[in-house]
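Before looking at the model, consider how one might read it through its contacts and surfaces. Please display the sequence and the structure, and keep both in view for the questions that follow.

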Amino acid sequence: MTVSYTLEVANARFCGFSRLLFRWRGSIYRLLYKEFLVFCAVYLFFSVFYQQDLFERVALYCDKFTNTSFIPVLFVLFYVTLAFNRWWGQYTSFPLPDNLMMVVSGNVHGADDRGRLLRRTLMRYANLSSVLILRSISTRVHRRFPTMEHVVEAFMTVHELKKFESLYSDFNKYWIPLTWFSNLASRAREEGRVRDDVALRLLMDELNNYRAKCSLLFHYDWISIPLVYTQQVVTVAVYSFFAFCVIGRQFLNPDKGYVDHQLDMYVPVFTLLQFFFYTGWLKVGELIINPFGEDDDDFETNQLIDRNIQVSMLAVDDMYQNLAPVVKDKHWKQRHFSVPYTLSTAAESLRPTFKGSTFD
């Protein structure tokens with residue numbers, strides 16, 4: 001389930017972000033604690049069982065390579081930036097039916113059963129297409145609709161399923177319901193339910209925008225960030241860096257006068273912080289590279305499906321021509337007026353209006 005903390009950071013205040021450090025769900029601690037414990041255990045193992053001068057020389061040798069200029073571990077930051085841009089792009093590509101349902105409600109006319117049937121069927125086809133693409137890329141949706149029979153229970157008729165399965169293609173057929181939408185909209189134009197070609201064109205334009213988002217989600221799932229980047233530039237760099245740290249950052253006897261080891265600590269505090277930061281970045285990249293799984297912050301795809309079908313049917317059915325009486329507004333006789341403030345926001349009305357930085 002997506003973890004939201006927006007309200008807690010609505011205002012900048014003292015220790016605002018610090019309060020988020022104690023949250024567990026969706027936190028970096030939950031993502032990282034197993035790797036952190038393994039790293040500490042391996043470090044402790046070498047710390048307990050070495051007592052030889054040879055090991056100390058090996059530790060000094062390995063310590064040379066724990067400098068980030070030798071191993072490009074900072075590349076993980078660029079990787080996370082790339083993964084974040086991809087994550088946000090996938091969210092903005094999610095097919096929401098809002099624009100389409102507004103166009104259907106305003107341009108497919110008829111308060112009788114036929115008009116209602118056309119509008120509901122058009123939106124059902126649109127939602128069906130999004131469900132078909134989401135069950136192809138989202139583990140949550142696929143567990144909800146593991147077979148087409150489960151889809152039939154929610155979105156399709158038996159005849160539509162037979163028609164769907166009779167059309168053979170080697171590729172994903174999520175686009176077929178949108179083709180049904182297009183054909184049904186043309187039929188509605190022939191019946192006069194869509195009153196002119198401009199309205200039909202508007203329907204087709206919004207349909208194509210909706211289809212483009214479904215297609216973009218499919219291609220995000222198909223085309224991943226190149227594996228060599230994920231493997232070598234990021235994963236190998238971080239893991240090899242801390243493999244050297246396990247030995248190179250061991251406690252060395254200060255009495256032996258090793259360079260840069262005049263003061264040493266049994267607990268490698270800064271090494272543990274480095275592990276927390278670098279491996280944490282790597283785990284963040286792993287978390288957001290595919291937001292259609294079942295992690296804490298992955299997209300709530302099933303709830304989005306529920307929301308989409310509910311609001312789209314509400315818009316084209318219950319709300320069709322369901323208007324409140326058109327009356328004069330409260331400020332009909334006032335030439336100049338302002339919207340009232342509550343007591344807690346009244347001070348904002350005293351602020352001068354911004355007219356441009358050079359206005360005065």
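**Salt bridges, cores and surface**

Q: Does aspartate 317 count as buried or exposed?
A: This is a predicted model, in which local features need pLDDT of at least 70, side-chain atom pairs count only at pLDDT 80 or more, and totals for chains, interfaces and linings use all residues. Residues are numbered from 1 along each chain as its sequence is written, and side-chain values use heavy atoms, with hydrogens and water left out. Buried stands for under 20% relative accessible area, exposed for over 50% and partly exposed for the range in between, with a 1.4 Å probe and protein chains only. Since aspartate 317 has a relative accessibility of 12%, it counts as buried.

Q: Which residue meets the side chain of aspartate 317 in a salt bridge?
A: A salt bridge requires a side-chain nitrogen of Lys or Arg within 4 Å of a carboxyl oxygen of Asp or Glu, and here the N to O distance is 2.8 Å. One partner lies in helix 5 and the other, aspartate 317, in helix 13 (residues 301-318), so the pair ties together parts that are 201 residues apart in sequence. The partner is partly exposed, at a relative accessible area of 39%. It is arginine 116.

Q: How many residues apart in sequence are the parts tied together by glutamate 294 and arginine 143?
A: These two residues form a salt bridge whose closest N and O atoms are 2.5 Å apart. Glutamate 294 is partly exposed, with a relative accessible area of 42%, whereas arginine 143 counts as exposed at 59%. Because glutamate 294 lies in the loop between helix 12 and helix 13 and arginine 143 in helix 6 (residues 139-144), the parts tied together are separated in sequence by 151 residues.

Q: Which residues are linked with Lys283 in a network of salt bridges?
A: The side chains of glutamate 286 and lysine 283 meet at 3.2 Å, N to O, and both residues lie in helix 12, three residues apart, which is about one turn of the helix. Lysine 283 is buried, its relative accessible area being 12%. The network that includes Lys283 is completed by Glu35 and Glu286.

Q: How many helices does the chain have?
A: Helices are DSSP runs of H or I with at least four residues, strands are runs of E with at least two, and numbering starts from the N terminus. By this assignment the number of strands is zero. Buried residues make up 38% of the 360 residues in the chain. The secondary structure comes to a helix count of 13.

Q: Which helix supplies the largest share of the largest nonpolar core?
A: A nonpolar core is a set of buried Ala, Val, Leu, Ile, Met, Phe, Trp, Tyr and Cys residues joined through side-chain atoms within 4.5 Å. The largest one has 53 residues, of which Val104, Leu134, Met156, Phe181 and Leu203 touch the most other members. Eleven of its residues, the largest share, come from helix 5.

Q: Which residues of helix 8 are buried?
A: Seen down the axis of helix 8 (residues 158-166), the buried residues fall within an arc of 100 degrees, taken over the directions from the axis to the C-beta atoms, so they line one face of the helix. On the other side, His159, Lys162 and Ser166 are exposed. Helix 5 (113-137), helix 7 (148-154) and helix 9 (176-190) are among what covers the buried face, which consists of Glu160, Leu161 and Phe164.

Q: How far apart in space are phenylalanine 242 and glutamine 274, C-alpha to C-alpha?
A: Phenylalanine 242, in helix 11 (residues 227-248), counts as buried at 5% relative accessibility. Counting heavy atoms within 4.5 Å as contact, and leaving aside neighbours within four places in sequence, phenylalanine 242 touches Phe39, Thr271, Gln274, Phe275, Tyr278 and Thr279. Glutamine 274 is 32 residues away from phenylalanine 242 in sequence, and the C-alpha to C-alpha distance is 9.0 Å.

Q: About how much accessible area do Val267, Val269, Phe270, Leu273 and Phe277 have together?
A: Patches are made of residues with over 30% relative accessible area and no salt bridge, with like charges joined within 9 Å and nonpolar side chains (Val, Leu, Ile, Met, Phe, Trp, Tyr) within 5 Å. Valine 269, in helix 12 (residues 269-288), is partly exposed at 38%. By the Shrake-Rupley method with a 1.4 Å probe, where for residues only the protein chains shown count as cover, this nonpolar surface patch has a joint accessible area of about 490 Å².
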